[in-house]
Amino acid sequence: MLRLFRYLKPYAIPVAAVMAVVFFQCMSDLYLPTLMSDVVNKGITNGDIPFILQTGGLMLLVALGGSVCAVIASYLSSHSAMGMGALLRDDIFTHVSDFSLHEFDKIGTPSLVTRTTNDVTQVQMVVLLMMRMMVSAPIMMIGGIIMAVSKDPGLSWVIVAVIPLLTAVIVTVAVKGFPLFRAIQKKIDKINLVLREGLTGIRVIRAFNRVDDEKRRFEDANLDLMTVSIQVNRLFAVLIPIMMFVMNFTTIAIIWFGSKRVDRGTSNVGNMMAFLQYAMQILFSLLMASFMFIMLPRAQASAIRINEVLDTVPEITDPEEPRRPDEAKKGYVEFRNVSFSYHGAEVPALMDVSFSAKPGEVTAIIGSTGSGKSTLISLIPRFYDVDSGSILIDGVDVRDMAQDELRSRIGLVPQRAVLFSGSVEGNIGYGCDGACRDDVAEAAETAQATEFISEMKDGYDSEISQGGTNVSGGQKQRLSIARALVRKPEIYLFDDSFSALDFKTDARLRAALRVKIGDATVLIVGQRVATVMDADRIIVLDEGKIAGMGTHRELYRDCQVYKEIVASQLSEEEIA
Amino acid sequence: MSDTAARRGPAPGAPGGAPGGQRPMGRPGGGPGMMMGMSGPAEKPKDAKKTIGFLMTYFAPRRGKLTIVVVFAVLSTIFTIVGPKLMGHVTTKLYDGLISKYMAYFLHKPVPSMDFNYIGGTLLLLVGFYLLSTLFSYIQQYTMAGVSQGMVYDMRKDVNDKLARLPLKYFDSKTHGEIMSRVTNDIDNISTTLQQSLTQLITSVCTIVGVLVMMVTISPWLTLIALVTLPAALFATMNVTKLSQKSFGAQQKELGALNGHVEEMYTGHVIVKAFGREGESVRVFKDINARLFDAAWKAQFISGVIMPMMNFINNVGYVVICVVGGIMAARKALKLGDIQAFIQYSRQFTQPIAQTANIANVLQSTLASAERVMEVLEETEEIPEKADATTIEAPRGHVEFRHVRFGYKEDAILMQDMNIKVEPGQTIAIVGPTGAGKTTLVNLLMRFYEISGGTILVDGVDTREMRRGELRTLFGMVLQDTWLFNGSIRENIAYGREGATEVDIVAAAKAAHADHFIRALPEGYDTVLNEEASNISQGEKQLLTIARAILSDPAILILDEATSSVDTRTEVYIQKAMKELMRNRTSFVIAHRLSTIRDAESILVMKDGSIIEMGRHVELLAKGGFYADLYNSQFTGAYVDEQGV
């Protein structure tokens, strides 16, 4: 938490000003009861009406001053706390933009999202509250004590006796309440889980005629939640009235012992009334302070999570003096003895992979799940760095190139088609800055997307919702292919990108691609033998190693793994 | 942004940070309040009256307990309210005693002793009152905990039961998030309001009335003065609240935009990187962030102004009362203790008023929540089942579609007139492009949806004549979305049949070729699948669902062959297992594999919701129609075509 305070630095002056202003505000709050006791002691007792009026005027001024201070404090504190949050967010987001896939894997995308948004909000709210309360609570408390003691030192022991009592109640609330709150959260999660499973599995549940079982599961979770909720609320039903009683009892005690002192002449009525108010101020500040302590751990947890992000050093950075590949060489991909393993993995994902691809060639990669196909693809745009060996694009090691330079040569169509919210045109045009409509239209045509785009309400201007939920899987894939096409890159990487297409569209798309990108270098990851069998080169991956490389015929003759794959998918006559 | 959290306290269902309605004594000067967060713009219910009626159905059975809550809330408030007045008496007595002491001293008379009997008695009475108030407040909150949680328990149960009776059609039209939010967020919202705001409302109103009465009994004139500051306070809070709601709305909007952008960029980071658009994404982020900052500080500032403003108005009232009261006291028109009491009352006055204004907002959004829950409960349910439902004793697996007409929506009929006849034991392959209606066929067989014309017969019995559950046990499903739940592998397989024994389960797993991999897991059959079932592979999941189907031993099978993400070795197992399963059963297979298609007794070629071709593989190929086209493009490969190899 403390480390994040450096983001408050630009706001050092406002923050200092907040403290000063809050101090004055507290002083005004503290001064009012004293003035009132003057009204009682001097004004009322002596029947001095001008004095009462005069003091009243002063009180108004003091109250006004206090309120003005509070408004200024609110302005400055909201400005600096929110400003700090904004700076922090900017920093996190910019930092995360430099992350490689490895860092995304490590922290997890959803977690990164929460850290950039909710966690920052959490921290900035606490900073705001701290500025408003943390400063004022101690001042009010100490000020209250000083004033109370100055009014009547003999009564102070009442406060001394009450503070531990109240603290005990607060501590009980915290100690007993927190585990219960956590328990409630767990029960709610459980209910959500049961419910979500019930919704996603609704067909299965009904198909297996298990509706009643699901009801019972929900019932159990529901009952659990109710029991704990009642427990929490009953705990508070005990503690809150007790807290109130402690405070009320304090006033009674002050009056009782105060009267004795007044009787003895050691104090006067005005002072006793003022003392009463100061005592309440002290107890309320105590409450405030304890609420702060309840909020702090939550913010602390957020701060730790944020710092984790900020402390993560991106693994992949641009070289200091990037090399540019030879202009004459375009579309050459070469793997030289590449080995790679994911962090924390026991077995390498790729071992000693070597091959090269030239422009105009189609290289297909096939293998079972987990054999390293997608890994191989993701190494080319340098999403990860190899452990050993090297990958050369147009004769230059990818680690010696600027990432922008490298990636501008590549058109990637990932396994999971990701679209962004915005127009269809914007999504396809994402492939190259300011691509003109003609390029977009051409790419869409090749990707077999023209038909469904023209059927959409606004054609190319139709809005794609976040995550592309308003287009089908096949449409998403086609848009994602068009996006890569529009860049006119040297190298195309298709990572199992045709899976959601029906066969007719698939066939037409492949035919169009042949014509359009015939002179580029193409790497295709596939699951179906039919999609890879006529590539110039098929690489068969098995547990990260190349089990065979060659054409369909060669591999079918020589490669056992390939044969197995084929056997599982095609019938004898098609293989022949 | 937890603006709801700030409003509602630390956790759902828990009493909020601010102690209930009653405040002890005056709150001098007042530190920053706890309403710091303030709420965003409140939603409004569409039909408040009806919704209240709906809530009443939950209140009604708890009438007795609710009466206790109300009575004790009122009592507890009354006993608190009397406090300042009694204390005032003490102060007056003290003051008077003091004066007479002085007088006696000056007049050289015997000095009378202070009337400590009276003071002590009154204070003791006060202690008693406060104790009673504490006790009542405890009883009230204790009872309310049971009432409110019981109510939301019932509500959750009702919604869940209702969901079980709703047709699948309903679930198609709503996202899971939407439905979940009604069962959790909305009901939580109701629960919090019941627990906190409702009793707060009672005590607040009580306090307002009580305080007003007390003030009038002390001094009508001072009451008038106090009341003059009231409209000012109300006017000020209402305006600022409106303003702050607006600015919170703006903040919420920007926050939503920011969250959206972050989520999109982070989930799509591969694309952002691959296309070198990091700079652009950061630029957009900074733009939104700057706008958020602008909206956020304004919202926080305005909400931060409310407290000082209220305080100032309060303080003005306080000073005026002090002065006027002081003057009156100096003229002996008012007793000192009464001023003290009055000041305390006037302090207690604005708090509940502000609270009531806030509660009005809360109640509104609660009603909106309740309305959403009510909407779910009012949805049209599935057609009720016949009382004298037919049962099929020994199912053979004969299936017939007669002139079936169906559409997911009334105005978009998908199937015009479907006729199929399947003999027991036959395998029917269903092929066709995506969206052709293959799953629709399955949905109708299982009676997940009601057909709008014609009949579907199983073993000669109209499926509408049977109980749904009964009908569905005739079928076994191995679907693409291999649904497994968060439980052990044993439980997941056992789901296929109620009361399955360990032996049955293992036998089914063995038949599905799943036994081997299950035993290879560290916990074997006790391995608990995590929430996304990501601790086993896609193919292994499918094997489990096959085992489940084997265990349920259905007469008719529905299989989806999609195996796109399964590795080849597992694939071989799956094929074997499926073959095993299909033996001697009527099977509907959404086919992707040529071998299945060729071996099928009949192929249904579907397009745009209807069966356009039907027959065996060879016949259909010879026909040279849509199927022949499909077959050629799918199984011979596009490139081959292109190059004419």
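**Exercise 1. What radius of gyration does chain A have, and what would a compact globule of 576 residues have?**

Solution. Keep in mind that this is a predicted model.
- Start with the yardstick: for a compact globule of 576 residues, the radius of gyration would be near 25 Å.
- Now take the chain itself: chain A has 36 Å.
- To see how that is spread out, look along the principal axes, where the C-alpha trace of chain A spans about 115 × 60 × 50 Å.
- As for what fills that space, chain A comes to 21 helices and twelve strands.

**Exercise 2. Find the order of the strands in the four-stranded open sheet of chain A, then walk across the sheet.**

Solution. Go from one side to the other.
- The order is S2-S1-S4-S5 in chain A, and the pairing is antiparallel.
- The edges are S2 and strand S5 (396-397) of chain A, each of which pairs on one side only.
- Step from S2 to S1: strand S2 (residues 350-357) of chain A runs antiparallel to S1(A), and five bridges join them. Here you can spot A:Phe335 standing opposite A:Phe355 in S2(A).
- Step from S1 to S4: strand S1 (residues 333-340) of chain A pairs with strand S4 (residues 388-393) of chain A in the antiparallel sense, again over five bridges. Two pairs to look for are A:Ser339 opposite A:Ser388, and A:Arg336 with its bridge partner A:Ser390.
- Step from S4 to S5: these two pair in the antiparallel sense in chain A over two bridges. In S5(A), A:Asp397 is the bridge partner of A:Leu392.
- Finish at the turn: S4(A) and S5(A) make a hairpin with two residues between them. In that turn, A:Asp394 has a positive phi of about 50 degrees.

A handy reminder: strands of a sheet pair through backbone hydrogen bonds, either parallel or antiparallel.

**Exercise 3. Which strands are the edge strands of the four-stranded open sheet in chain B?**

Solution. Write down the order, then check the ends.
- The order in chain B is S2-S1-S4-S5, with antiparallel pairing.
- Strand S2 (415-422) and strand S5 (461-462) of chain B each pair on one side only, and these are the edge strands.
- Inside the sheet, strand S1 (residues 399-406) and strand S4 (residues 453-458) of chain B pair in the antiparallel sense over five bridges. One spot to check is B:Arg405, opposite B:Gly453 in S4(B).

**Exercise 4. Follow helix H3 of chain B from end to end and find where it kinks.**

Solution.
- Helix H3 (residues 63-106) of chain B has 44 residues.
- From its first C-alpha to its last it reaches 65 Å, close to the 64 Å expected at 1.5 Å a residue.
- The kink, about 25 degrees, lies at B:Gly83 in H3(B), shortly before the proline B:Pro84.
- After H3(B) comes B:His108, with a positive phi near 55 degrees.

**Exercise 5. How many residues does each chain bring to the contact between chain A and chain B?**

Solution.
- Chain A brings 142 residues and chain B brings 141 residues.
- On the side of chain A that touches chain B, helix H9 (residues 211-264) of chain A gives the most, with 30 residues.
- Sorted by type, that side of chain A divides into 78 nonpolar, 41 polar and 23 charged residues.

**Exercise 6. How far apart are the centres of domain 1 and domain 3 of chain B?**

Solution.
- First place the domains: the assignment for chain B gives domain 1 (46-217 + 357-380), domain 2 (220-333) and domain 3 (399-638).
- Taken over C-alpha atoms, the centres of domain 1 and domain 3 of chain B are separated by 57 Å.

How values were computed:
Residues are numbered from 1 along each chain as its sequence is written. Chains are lettered from A and ligands numbered from 1 in the order in which they are written. This is a predicted model: local features need pLDDT of at least 70, side-chain atom pairs count only at pLDDT 80 or more; totals for chains, interfaces and linings use all residues. Two residues are in contact if their C-beta atoms, placed from the backbone, lie within 7 Å. Ala, Val, Leu, Ile, Met, Phe, Trp, Tyr, Cys and Pro count as nonpolar, Asp, Glu, Lys and Arg as charged, and the others, Gly among them, as polar. Domain bounds come from an automatic or database domain assignment. Two strands pair if DSSP finds at least two bridges between them. The expected span of a helix is 1.5 Å times one less than its number of residues. The bend at a residue is the angle between axes fitted to the seven residues ending there and the seven starting there. The radius of gyration is taken over C-alpha atoms; the globule rule is 2.2 Å times the number of residues to the power 0.38.
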